[in-house]
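Work through the exercises below with the sequence and the structure at hand. Try each task before reading its solution.

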Amino acid sequence: MLAPVARKYGRRLNQCGATAKGVFWRDEKWQAVRFDRMCEIFEPSDLSDGGVTINDFGCGYGALFDHIAHWPLMNGGQYYGYDIAQEMIAACRDRINDPRATFIRKMVATNSADYSIASGTYNLHGNADEDAWHEYIETSLVQLWDKTEKALAFNLLRDDEAERYDGLYYIDPDRMRKFCQTKLSANVEVFDESPMPDVTFFVRR
Ligand SMILES: C[S@@+](CC[C@H](N)C(=O)[O-])C[C@H]1O[C@@H](n2cnc3c(N)ncnc32)[C@H](O)[C@@H]1O
């Protein structure tokens, strides 16, 4: 199911380069708004003291690392970026040469980290069956949670009948909230903030 998705992302990066459009975002501004929302998952003491480990699951060309590289959060920190698309991992390695960042071509997180973040990772399902894709998201989140020591942040597109594009997956926020509370942790926050097209979920231990 993931092979066509990886191919689509690879082609897109080759067409548009290491830019927001290259990972199917509208523009850099909205990509950054999403990162800022996700980064509210970090505890204030970690934001000031650093030394944290982060899994960026579905890292694309490594834009989240660019976003946080100069924050005190990353002093003495370690960032692991995972992606299924070889082209994305190659772009990360070409662009970013920093001892705090490691890029891994994998469809599961392999390192335990304090925080895990997945921005846009589950949006594009290609032509997958919708039920099968939903099941895949849940399985993937359980795996990611297993590698998360403190907290997990991820987003999904809001199911809004007015605006639906072929090949994208849209979520019912309540269904996902219940899944998180049942299978991951009772400590779940959901941010459904129009005009952002995605809903953000924070899950804490
Ligand atoms: C919409 S892009 C977002 C990239 C990045 N998070 C950002 O916001 O700039 C989603 C990325 O997730 C990757 N991806 C999708 N499913 C994945 C999986 N199971 N494991 C690792 N990467 C995945 C895709 O290859 C793509 O690069």
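**Exercise 1. The start of the chain**

Task: Find which residues Met 1 touches, leaving out residues up to four places away in sequence, and decide whether Met 1 is buried, partly exposed or exposed.

Solution. The model is a predicted one. Step 1: Met 1 touches Ala 128, Ala 132 and Tyr 136 when residues up to four places away in sequence are not counted. Step 2: place Met 1 in the chain; Met 1 is in the segment before H1. Step 3: take one of the contacts, Tyr 136. Met 1 and Tyr 136 are 135 residues apart in sequence, and their C-alpha atoms are 9.1 Å apart in space. Step 4: count the surroundings. A residue is buried with 20 or more other C-beta atoms within 10 Å and exposed with 12 or fewer. Met 1 has 13, so Met 1 is partly exposed.

**Exercise 2. Helix H6**

Task: Check the length of helix H6, and find where its buried residues lie around the helix axis.

Solution. Step 1: helix H6 covers residues 130-146, which is 17 residues. Step 2: the expected span is 1.5 Å times one less than the number of residues. For H6 this gives 24 Å, and the end C-alpha atoms are 24 Å apart, so the two agree. Step 3: list the buried residues of H6, which are Ile 137, Ser 140, Leu 141 and Leu 144. Seen down the axis, the buried residues of H6 fall within an arc of 105°, so they line one face of the helix. Step 4: look at the other side of H6, where Asp 131, Ala 132, Glu 135, Thr 139, Val 142 and Asp 146 are exposed. Step 5: name what covers the buried residues of H6; the cover includes strands E1 (53-57), E4 (113-118) and E5 (148-158).

**Exercise 3. Strands E7 and E8**

Task: Describe how E7 and E8 are joined, and find the cis peptide bond at Pro 195.

Solution. Step 1: strand E7 (residues 187-192) and strand E8 (residues 198-204) run antiparallel and are joined by six bridges. Step 2: for one position in the pairing, Asp 192 stands opposite Val 199 in E8. Step 3: E7 and E8 form a hairpin, with five residues between them. Step 4: Pro 195 lies in the loop between E7 and E8. The peptide bond from Ser 194 to Pro 195 is cis, with omega near 10°. Most peptide bonds are trans.

**Exercise 4. Phe 24**

Task: State the sign of phi at Phe 24 and the place of Phe 24 in the chain.

Solution. Step 1: phi of Phe 24 is positive, about 70°, although this residue is not a glycine. Most residues other than glycine have a negative phi. Step 2: Phe 24 is in the loop between H1 and helix H2 (28-38). Step 3: Phe 24 has 17 C-beta neighbours inside 10 Å and therefore counts as partly exposed.

**Exercise 5. The ligand and Met 88**

Task: Find which element gives the most residues to the shell around the ligand, and which residues Met 88 is in contact with.

Solution. Step 1: of the 23 residues around the ligand, Tyr 9, Val 23, Gly 58, Gly 60 and Gly 120 come nearest. Step 2: H1 gives the most to the shell, with four residues. Step 3: sort the shell residues by type, which gives 14 nonpolar, eight polar and one charged. Step 4: turn to Met 88, in helix H5 (residues 86-95). Met 88 is buried because 27 other C-beta atoms lie within 10 Å. Step 5: leaving aside neighbours within four places in sequence, Met 88 is in contact with Tyr 9, Leu 13, Gly 60, Tyr 61 and Asp 83. Met 88 and Tyr 9 are 79 residues apart in sequence and 7.9 Å apart in space, C-alpha to C-alpha.

Methods. Residues numbered from 1 in each chain as written. Predicted model: local features only at pLDDT ≥ 70, side-chain atom pairs only at ≥ 80, totals over all residues. Near = placed C-beta within 6 Å. Helix = DSSP H or I, 4+ residues; strand = E, 2+ residues; numbered from the N terminus. Nonpolar A, V, L, I, M, F, W, Y, C, P; charged D, E, K, R; others polar. Contact = placed C-beta atoms within 7 Å. Arc of directions from axis to C-beta. Pairing = 2+ DSSP bridges.
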